[in-house]
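Subject: The structure we talked about

Hi,

Here is the structure I promised to pass on. Have it open while you read, and turn it around as you go.

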Amino acid sequence: IKFWLYFSKTYFSTVILFQDLSFLEEFSNSTDSLSDIADIQDFTTVDRLRPTLQDVTTPQQNLMECFPPSRDFAGLSSLDELTTLINTSSFPTYQPPPPTEEEDEGEDEEAEELGHAETYADYVPLKSRIGKPHPDRVVETSTLSSVPPPDISYSLSLPESTTNSGLLSALQLEAIIYACQQHEVILQSGQRAGFLIGDGAGVGKGRTVAGIIFENYLKGRKKALWFSVSNDLKYDAERDLKDIDAANIPVHALNKIKYGDTATSEGVLFATYSALIGESQAGGQHRTRINQILEWCREGFDGVIVFDECHKAKNASSTKMGKAVLDLQNKLPLARVVYASATGASEPKNMIYMSRLGIWGEGTPFRNFEDFLHAIEKRGVGAMEIVAMDMKVSGMYIARQLSFTGVTFRIEEIPLDEKLISLYNKSAHLWAEAMNVFQEAADKIRLESRKSLWGQFWSTHQRFFKYLCIAAKVRRTVEIAKQELSKGKCVVIGLQSTGEARTREVLDENDGHLNHFVSAAEGVFLSLIQKHFPSTKRKRDRGAGIKRKRKKRGRAAKILKSIIDPGGIIKISDDSSSDSDRELDSVSNSSPESILDNDDVIFVD
């Protein structure tokens, strides 16, 4: 590492080169490079630096004319004396020749080259030699590519049918090797070291995690924990295990197991992060999911714990879920922890749950996470890059992503047919009418504060038309997908919204059956009417600040449901004598509270 100090005086350029910096070690060979970031008070003094003077613009014979003979350069004791010396010394005047046109062009080209730096570098396993190449081009950030991973000392137990057949690519096998190798390390705190997989989409974090579980299963560690963000991802976990010929490892969903039941003997226990804070009071006994998990693992558990999409635990200091993630790691100190997330370390404060990386704590430059956070945040993004490089050098981190080289895109304009145009126009008229009705209702009940009302109205309006625009693209999207599939390509469709929440609501209402198409646009509009239409009852409740509890629907609610027409509107008028009105009157007289307490009923004068 060299430090250059530039001075300029009367057309004369001098460079001070500080040499003899042997006390600084090369970064890639350092075993504790993060200590350079820590707030250490004992800095190297200028006395240890022995500067030499070299004139970069004058001939060799003028090299020592910069200082008067009476002063010895080696005797300088501070930078202040050096600065004073330069300011008071008589430098020889030197007039550089004017640059030629060719030199100007050369300098411009050099400046362009210096200004262009590659952000990513092609990635190939540097020290792992097993497995077939990944099916697509993979890259790594240029900062990470500048440092090498550690040497490999771990020997895999995976069968050749898995390693040599392409079920796991060379990149995935490399991540499995480094993860299992890091798991052999015991930190000074007594906990087993963890591993962070920061691969992006397409590199195959799922198969890598499945490979780590399979490797440990073959080593005799038959139990593993797999945490993710959704219970539906259990099927993805089963698929990943099946894809690497490990279908014999069972996957148990924690949400399907009763509280207190620990009968499942081996395999993968799959759970969501929210399950970690689950609790039950059934039978007068207080049971928690985290205690159930600990009982299943048994004391001395040394199996794999996978925190998939681990950024969900980023607020470990302030949320029950994050604290539960830390608590689980502390109570199972010998567990082999794997963190998997493409955005796991986007900000230093989000790394608090990664206690097994050994960056802070006993035997590290940082006493605790707060010291680490303070030191990194004070130095900005550059410090985070150094942390990532240090983690890779130490063998605890790997991060690759698919290359976008050669990727093209186009915007497909979809012409609207008459049916869609008519639907859009009708929707616009519907919302214009709704706005007038909301305004009229608010005026009649003399609603004073309308900020919340119109906030809900316009946010729902925006969501309604978003769903309408998505729906308009579906037919053309299917046509394009079929065209590309016929060419042997793989199609990935990104959805801004799936309408899943609305579909689940309808399923719950109809006991798990769908008897009609579920429209997300219709759902948000009806929800606005039912929950936020101005009424005197809502006004009273809001004024009293009482949070109402919905009473159980009795017979009256069932009768109401049967008399509501398919349009979802109840019309009540003074001169009506229909059977439905008489039935409504009888219901109202017999049990008025069942109607008054029903949020779904709107009374129209």
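Below is what I found in it, going from the whole chain to its strands, core and hollows.

One thing before you start: this is a predicted model.

**The whole chain**

The protein chain is built with 19 helices and 15 strands. It has 605 residues, and 37% of them count as buried. I also looked at contacts between residues at least 6 apart in sequence: 70% of these join residues at least 24 apart.

**Strand 7 and its partners**

Start with strand 7, residues 223-228. How many of its six residues are buried? Six of the six are, so strand 7 is largely enclosed by the rest of the structure. In a regular strand, side chains alternate between the two faces of the sheet. You can follow that pattern here: Lys223, Leu225 and Phe227 point one way from strand 7, while Ala224, Trp226 and Ser228 point the other way. Residues on both sides are buried.

Strand 7 pairs with two strands that I'd look at in turn: strand 9 and strand 12. Strand 9 covers residues 267-272, runs parallel to strand 7 and is joined to it by six bridges. To find the spot on screen, look for Trp226, which stands opposite Phe270 in strand 9.

Strand 12, residues 304-308, is also parallel to strand 7, with four bridges between them. Two pairs are handy markers: Ala224 stands opposite Val304, and Phe227 has Phe307 as its bridge partner.

Now stay on strand 12. All five of its five residues are buried, so to speak of it as mostly covered is fair. Val304, Val306 and Asp308 point one way from this strand, and Ile305 and Phe307 point the other way. Strand 12 in turn is joined by five bridges to strand 13, residues 336-340, and those two run parallel as well. There, the bridge partner of Asp308 is Ala340.

**A small open sheet**

Elsewhere, three strands make an open sheet in the order 4-5-15, with antiparallel pairing. Which strands stand at its edges? They are strand 4 (120-122) and strand 15 (401-402); each has a single partner strand, so one side of each is left without a neighbour in the sheet. Strand 4 and strand 5 (residues 138-141) are joined by three bridges. Asp122 is a good place to zoom in, as it stands opposite Val139 in strand 5.

**The nonpolar cores**

In soluble globular proteins, nonpolar side chains tend to be buried together. In this model, the largest nonpolar core holds 52 residues, and the members that touch the most others are Leu225, Phe227, Phe307, Leu328 and Met351. You've already met some of the elements that give two or more residues to this core, including strand 7, strand 9, strand 12 and strand 13. Helices contribute too, among them helix 8 (289-297) and helix 9 (320-331). Which element gives the largest share of this core? That is helix 11, with seven residues.

Try selecting Leu328. Leaving out residues up to four places away in sequence, Leu328 touches Leu225, Phe227, Leu276, Ile290, Ile293, Leu294 and Phe307.

There is a second, separate core of 36 residues, which includes Tyr123, Leu158, Ala179 and Val304.

**Cavities and a pocket**

How many cavities of 30 Å³ or more does a search of the whole structure find? It finds three. The second largest cavity has a volume of about 50 Å³. Its lining is made of Tyr123, Pro149, Pro150, Tyr178, Phe195, Lys392, Gly395, Tyr397 and Ile398. By class, that gives seven nonpolar, one polar and one charged.

The second largest pocket has a volume of about 2100 Å³. It is lined by 49 residues, and Ile470, Lys473, Val474, Thr477 and Ile493 lie nearest its centre. Helix 12 (418-444), helix 13 (451-486) and helix 15 (520-532) are the elements that each give two or more residues to this lining. Helix 13 provides the largest share, 16 residues. Sorted by class, the lining of this pocket has 28 nonpolar, eleven polar and ten charged residues.

Have fun exploring, and send me your questions.

Cheers

Notes. Residues numbered from 1 in each chain as written. Predicted model: local features only at pLDDT ≥ 70, side-chain atom pairs only at ≥ 80, totals over all residues. Heavy atoms only, no water. 1 Å grid on protein atoms, 1.4 Å probe; cavity = no way out; pocket = protein on both sides within 12 Å on 5 of 7 lines; lining within 4 Å. Points joined across faces, edges and corners; volume = space filled by probe spheres on them. Nonpolar A, V, L, I, M, F, W, Y, C, P; charged D, E, K, R; others polar. Pairing = 2+ DSSP bridges. Buried < 20%, exposed > 50% of the residue type's maximum accessible area, 1.4 Å probe, protein only. Core = buried A, V, L, I, M, F, W, Y, C linked by side-chain atoms within 4.5 Å. Contact = heavy atoms within 4.5 Å.
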